[in-house]
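Open the model in your viewer and keep the selection panel at hand. The stops below go from the surface to the core and back out to the loops.

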Amino acid sequence: MKRVINYFNVLLGCLIVAVTINLVLIPNEVLTFGIDGLACILHFVTHVNPAFNMLLLNLMVVLAASLFLDRNVLKVYLLPAILIPLCVFITGASDVMSGVQGRRIKGIVIVVKIIGKFVINNYFC
């Protein structure tokens, strides 16, 4: 059960990062540090989907890290390295609050709230 909660927390964190990128960083042309910031810079310059940029940059980092780090450390990094770009793509990188994308975001937020209430009630009670 603890492992499921850990995976859920990773997924929830990836969704929070993705929604932040799509609702705050990209529309306001704000940059952050790390892979996300580099992906946003590439998006602003080339207009390529930031999820694609993040995935490519994350895979390059994982390949470079595989030369120096243990496999157990790589396994911990690999899940968020794939989930964050996937969540950014799902939550929509452009025109987030309009049309189908806005409904998709609202649906994801509702599902996260329902699951969050279930996990919090069962975890702390």
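## A patch on the surface

Start by selecting Leu31, Leu38, Ile41 and Val45: together they make a nonpolar surface patch of about 360 Å². The model is a predicted one. Now pick Ile41 alone. Ile41 sits in helix α2. Is Ile41 buried, partly exposed or exposed? Ile41 is partly exposed, because its relative accessible area is 37%, and partly exposed covers the range between 20% and 50%.

## The whole chain

Zoom out and colour by secondary structure. The chain has five helices and zero strands. Read from the N terminus, the order is α-α-α-α-α. Switch to a surface view. About 8,500 Å² is exposed, and carbon and sulfur atoms supply 72% of that area. Of the chain's 125 residues, 31% count as buried. For contacts with a separation of 6 or more, 51% join residues 24 or more positions apart.

## Helix α2

Select residues 34-46, which form α2. This helix has 13 residues. From first C-alpha to last, α2 reaches 18 Å, close to the 18 Å expected at 1.5 Å a residue. Which residues of α2 are buried? They are Ile35, Asp36, Gly37, Ala39, Cys40 and His43. Show the neighbouring helices too: the buried residues of α2 pack against α1, α3 and α4.

## The nonpolar core

Next, go inside. The largest nonpolar core has 16 residues. Select Cys14, Ile21, Met54, Ile84, Cys87 and Val88, the members that touch the most other members. Which elements give two or more residues to this core? They are α1 (2-28), α2 (34-46), α3 (50-65) and α4 (71-91). The largest share comes from α1, with six residues.

Centre the view on Ile21. Set aside its neighbours within four places in sequence. Ile21 is then in contact with Ile26, Pro27, Asp36, Cys40, Met54 and Val88. Two of these contacts, Asp36 and Cys40, are on the list of buried residues of α2. Met54 and Val88 are on the list of core members that touch the most others.

## From Ile26 across to His43

Move on to Ile26, one of the contacts of Ile21. Ile26 is found in helix α1. Its relative accessible area is 10%, so Ile26 counts as buried; the cut-off is under 20%. Now add His43, one of the buried residues of α2. Draw a distance between the two C-alpha atoms. Ile26 and His43 are 17 residues apart along the chain, and their C-alpha atoms are separated by 8.6 Å.

## Two loops with positive phi

Finish with backbone angles. Most residues other than glycine have a negative phi. Two exceptions are worth a click.

Select Glu29. It lies in the loop between α1 and α2. Glu29 is not a glycine, yet its phi is positive, about 55°. Is Glu29 buried or exposed? Glu29 counts as exposed, because its relative accessibility is 60% and the cut-off is over 50%.

Then select His47, which follows α2. His47 is in the loop between α2 and α3. What is the phi of His47? It is near 60°, a positive value in a residue other than glycine. His47 has a relative accessibility of 65%, so this residue counts as exposed.

How values were computed: Residues are numbered from 1 along each chain as its sequence is written. This is a predicted model: local features need pLDDT of at least 70, side-chain atom pairs count only at pLDDT 80 or more; totals for chains, interfaces and linings use all residues. Side-chain values use heavy atoms; hydrogens and water are left out. A nonpolar core is a set of buried Ala, Val, Leu, Ile, Met, Phe, Trp, Tyr and Cys residues joined through side-chain atoms within 4.5 Å. Buried means under 20% relative accessible area, exposed over 50%, partly exposed in between (1.4 Å probe, protein chains only). Helices (H or I, at least four residues) and strands (E, at least two) are DSSP runs, numbered from the N terminus. Contact means heavy atoms within 4.5 Å. Patches are made of residues with over 30% relative accessible area and no salt bridge: like charges are joined within 9 Å, nonpolar side chains (Val, Leu, Ile, Met, Phe, Trp, Tyr) within 5 Å. Accessible areas come from the Shrake-Rupley method with a 1.4 Å probe; for residues, only the protein chains shown count as cover. A salt bridge is a side-chain nitrogen of Lys or Arg within 4 Å of a carboxyl oxygen of Asp or Glu. The expected span of a helix is 1.5 Å times one less than its number of residues.
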